[in-house]
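Hi,

Here is the structure I promised to hand over. Please open it alongside this email; my notes follow below.

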Amino acid sequence: MFFVPKITGDLPARRVSKSKVKLEKITLADPSYNVPQKIDILIGARHFYDIVGAQQYKPDANGPVYRESKFGYIISGLTSNDTNIKNTISCYASNSHENIHENKYESLENVIQQFWRIEDYGQNKPYTMEEQTCEQHFKQNVSRSESGRFVVHLPFRGNVSKLGKSYDIAKRRLFAIERRFIKNPSLKGDYVKFMAKYEKLNHMTQNMDNEEIELPGRMCYLAHHCVQNENSLTTKLRVVFDASTKTESGFSLNDVLQKGPSIQEELIHILARFRTHNFVVTADIKKMYRQIQVCKKHRDYQRILWRENVNDPIKIYRLNTVTYGTVPASYLATACLQRLSEIGQGQYPTVAPLIARDFYMDDFISGAATKEDAIEIRNALIKLMSTAKLELGKWASNDSI
């Protein structure tokens, strides 16, 4: 069984003027035919032609068709020349066999995959001008480090000069965090451990340059706070860097950054394919954003203030990687996956397309018809992802249920 949020929108799509419809003493199946309403019942093709009669007529060449049915006449078609109506389209197909043998699994999987390709009606949501600019900026500036990591540039809107002073704001927020530490020593211990690990992994580095600490338009200080999750199996506390904090000019870092388009497939499509596999493979990318570096010239826009003890001098750090909390973070990370998929087509022709197709954010949800193929996908995926220093975890390989 498979559920979708909706089959269609309200019908009709908008209120219809009764003057557009010529009833001429016929009885309609729906007396409220002209008012947009939710559908009451779905009738399968098996019974549709038992209900619809043979008589029909079309009094106006540019008007609707009237068709006889056992419930009364039904109306379909345009009522005016205005066709600029927003449609909601959903589709679902299922195929089942009794006594399916192992050698038939693959054919069923291919049938479903072919269905998705055939039923693609080619109406992808068009990008906005900003999304197009952000995508072009990424393609022109993305590179790889010597170790293979992706290096990206922050996609500014062009108004970065509007950033005001932010050092004092970040310092006040640091003092507020330290007051919480006094009341909650356990919180301080977890916070210090997180930041120490962040620095140890080279995801942030201390600024040792003897330069101006405040250059509006050329640098930005991000406030930070923590989010706690006692149910997490890995990290109970995470430090979040707040790129939405307003500088003294009233603009935040997020205000001058482009968001970028959503380029991964919708989750419903990924899950529908996932259900067709006999053997499934799932994984996630460990610390996905932090495995992608930001170019050095843009790291000054990701400055933070930190010290372990209130008696220590305040230190300035730069965040070296894509930072959760900045508006383009999601796009930059997923765009790097798309680029890795393109790069891997030659050496890893089987798994490279899956990176573009079966990732939802940092989660890989895929599979194969046989156990051997699933293992091959797993091994090839590990190798290809490791070329970009993207480490995978949370592996699973099971029979489909």
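Start with one residue pair: I304 sits opposite Y317 in β12. Keep in mind that this is a predicted model.

The sheet

The pairing of β11 with β12 is antiparallel and runs over four bridges. On β6, strand β12 (residues 315–319) also pairs in the antiparallel sense, this time over three bridges. One position to look at is T205, whose bridge partner in β12 is R318.

Put together, this gives an open sheet of three strands in the order β6-β12-β11, with antiparallel pairing. The edges are β6 (204–206) and β11 (303–306), and each of them pairs on one side only. On average, neighbouring strands of this sheet are turned by 35° against each other, direction ignored. As a reminder, strands of a sheet pair through backbone hydrogen bonds, either parallel or antiparallel.

What packs on it

Helix α4 (residues 167–183) packs on the sheet and touches β11 and β12. The direction of α4 makes about 40° with that of β11. Helix α5 (residues 185–200) lies across β6, β11 and β12. Against β11, α5 runs at about 135°.

How covered is β12? Mostly: four of its five residues are buried.

Helix α7

Now a separate element. Helix α7 spans residues 329–343, which makes 15 residues. From its first C-alpha to its last it reaches 21 Å, close to the 21 Å expected at 1.5 Å a residue.

Why is α7 described as largely enclosed by the rest of the structure? Buried here stands for under 20% relative accessible area. By that cut-off, 11 of the 15 residues of α7 are buried, so the helix is largely enclosed.

The buried residues are A329, Y331, L332, A333, T334, A335, C336, L337, Q338, L340 and S341.

What do the buried residues of α7 pack against? The helices are α3 (129–141), α8 (352–357) and α9 (371–386). The strands are β5 (150–152), β9 (279–285) and β13 (359–360).

Over to you.

Best wishes

Key: Residues numbered from 1 in each chain as written. Predicted model: local features only at pLDDT ≥ 70, side-chain atom pairs only at ≥ 80, totals over all residues. Heavy atoms only, no water. Pairing = 2+ DSSP bridges. Helix = DSSP H or I, 4+ residues; strand = E, 2+ residues; numbered from the N terminus. Axes fitted to C-alpha atoms, helices over the stretch in contact; angles between N-to-C directions. Contact = heavy atoms within 4.5 Å. Expected span 1.5 Å × (residues − 1). Buried < 20%, exposed > 50% of the residue type's maximum accessible area, 1.4 Å probe, protein only.
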